[in-house]
Amino acid sequence: MTHKKVAILGGGLSGLYAAYLLEQQGIQDYILLEARDILGGRIMGFQPNDEPYSFDLGPTWFWPDIQPQFAQVIADLGLAVFAQNDDGNMLVEQSFEQAPRELAGFVTSPTSMRLTGGMDSIIKALAAKLKNPDIYLSTRVTQIEHKRDLITVHCQESHADTEHSVNVDHILLAIPPRLVSHNIVFSPSLPKELITQWQNTATWMAPHAKYIAVYERPFWREQGLSGSARSMVGPMVEIHDASEPNHSANQDNNAALFGFIGIPVAQRKMIGEAQLKAYCQQQLIRLFGEQAATPIAHIIQDWAQETFTATSFDTQEMSHSLPPANAPFQGAWARNITGIASEWAPEFPGFLAGAIEAANIGVTRYIALHKENAKA
Ligand SMILES: Cc1cc2nc3c(=O)[nH]c(=O)nc-3n(C[C@H](O)[C@H](O)[C@H](O)COP(=O)(O)OP(=O)(O)OC[C@H]3O[C@@H](n4cnc5c(N)ncnc54)[C@H](O)[C@@H]3O)c2cc1C
């Protein structure tokens, strides 16, 4: 059976960044196991017609003024950024009977920034930086065993019943704590209090769904509108301009609007995707006029239906949970697992910045433990 120093479980931002940090520290002997067919986790792009950019189905914004560590990573990767478009008036929809009200837009502070090309640019850039990637996609971790000083990670191919396993010295859990507690069996078991803590840590944004409509031009800007809207009638409660920057006459098809759907998870399931899409489109027509009726493409991404993000516990949005302990204080697992998904970050749990923060802490902890073990 293969033996590796480190297994990174999960190939979202925290897992990929951990692989990058390990390589920076000269540690090439790692394996990364990812259940989905693609890297990125909650960072996922919608790429209509093979355009060179994608629209964010997951995270959109970061805030360099308060998240300097994350901003530094973006800068180091040489990624271009731009401010969320808030120029123009916003719309407020209070009832079906009344026309939407137009109000002066407001400038958000700190400024919400976006990545040119889509948030998945950071995933592509990090993956391209890895010199010695040992990454397995479509590989779902099911069990972790600790027997006679040997740690074995068991996994299953997502599209087949084939099982694999790998022996490792340390595990970096780049899977949100709630998912770990639901879907991965530890043998021997983790301390009960820790499992409860991880189970009670909500996975940020897991109960949400987003609708995106892509247009040839940002026609709402020609009406003096920013593309922002708030609605009390829905289905979308909050809408924003999702266009790529530098829109010009010869850069068609990169304009878009996106909205967060305010209908609860169970009801969304009952309505069904096709009907929900139709409701969202009707809402954009009510708000922005007939031009909204002909998107080039439109899509709903319902994160609550994503097995590798949400569990049956993720039915309603909770406020950010306090970060749980990233490892047991004592027992068989105390020195050989570390939680590094965003929800474990002390300062920005749940956010993109948190994924970078928690991965940094986890890799630093692994290196310290590794040095202690080498001395012993
Ligand atoms: C709709 C939405 C909007 C958001 N907006 C913002 C925003 O504007 N700004 C912001 O800062 N943050 C936002 N977030 C949060 C942001 O996306 C997360 O903080 C960040 O992506 C977390 O990265 P991660 O690597 O810690 O976790 P994840 O991205 O969840 O990665 C976990 C990985 O583990 C994999 N996995 C799961 N189970 C297994 C298993 N059993 N075996 C192997 N692999 C497994 C998953 O497939 C996934 O790739 C948003 C999230 C969503 C869903």
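I began with Leu91 and looked for the residue across from it in strand E15, which turned out to be Ala229. Strands here, like helices, are DSSP runs numbered from the N terminus, with at least two residues for a strand (E) and at least four for a helix (H or I). The model is a predicted one, in which local features need pLDDT of at least 70 and side-chain atom pairs count only at pLDDT 80 or more, while totals for chains, interfaces and linings use all residues. Residues are numbered from 1 along each chain as its sequence is written.

Next I asked which residue stands opposite Leu91 in E7. I found Glu102 there.

I then looked up how the strands pair, where pairing requires that DSSP finds at least two bridges between two strands. E6 (residues 89–93) runs parallel to E15 (residues 225–231) over four bridges, and in E15 the bridge partner of Asn89 is Leu225. With E7 (residues 101–103), E6 pairs in the antiparallel sense over three bridges. I noted for myself that strands of a sheet pair through backbone hydrogen bonds, either parallel or antiparallel.

Following the strands further, I traced an open sheet of seven strands with mixed pairing, in the order E7-E6-E15-E16-E17-E14-E18. Its edge strands are E7 and E18 (297–302), each of which pairs on one side only. Neighbouring strands of this sheet are turned by 20° against each other on average, direction ignored; axes are lines fitted to C-alpha atoms, for helices over the stretch in contact, and angles run from 0 to 180 degrees between N-to-C directions.

I also checked helix H8 (residues 273–288), which lies across E6, E14, E15, E16, E17 and E18 and runs at about 120° to E18.

Last, I turned to the domains, whose bounds come from an automatic or database domain assignment. Domain 1 covers 1–43 + 120–204 + 320–376, and domain 2 covers 44–118 + 207–305. Their C-alpha centres lie 32 Å apart, and the contact takes 13 residues from domain 1 and 16 residues from domain 2, with two residues counted as in contact if their C-beta atoms, placed from the backbone, lie within 7 Å. On the side of domain 1 that touches domain 2, helices H3 (120–129) and H9 (352–375) each supply at least two residues, and H3 gives the most, with five residues.
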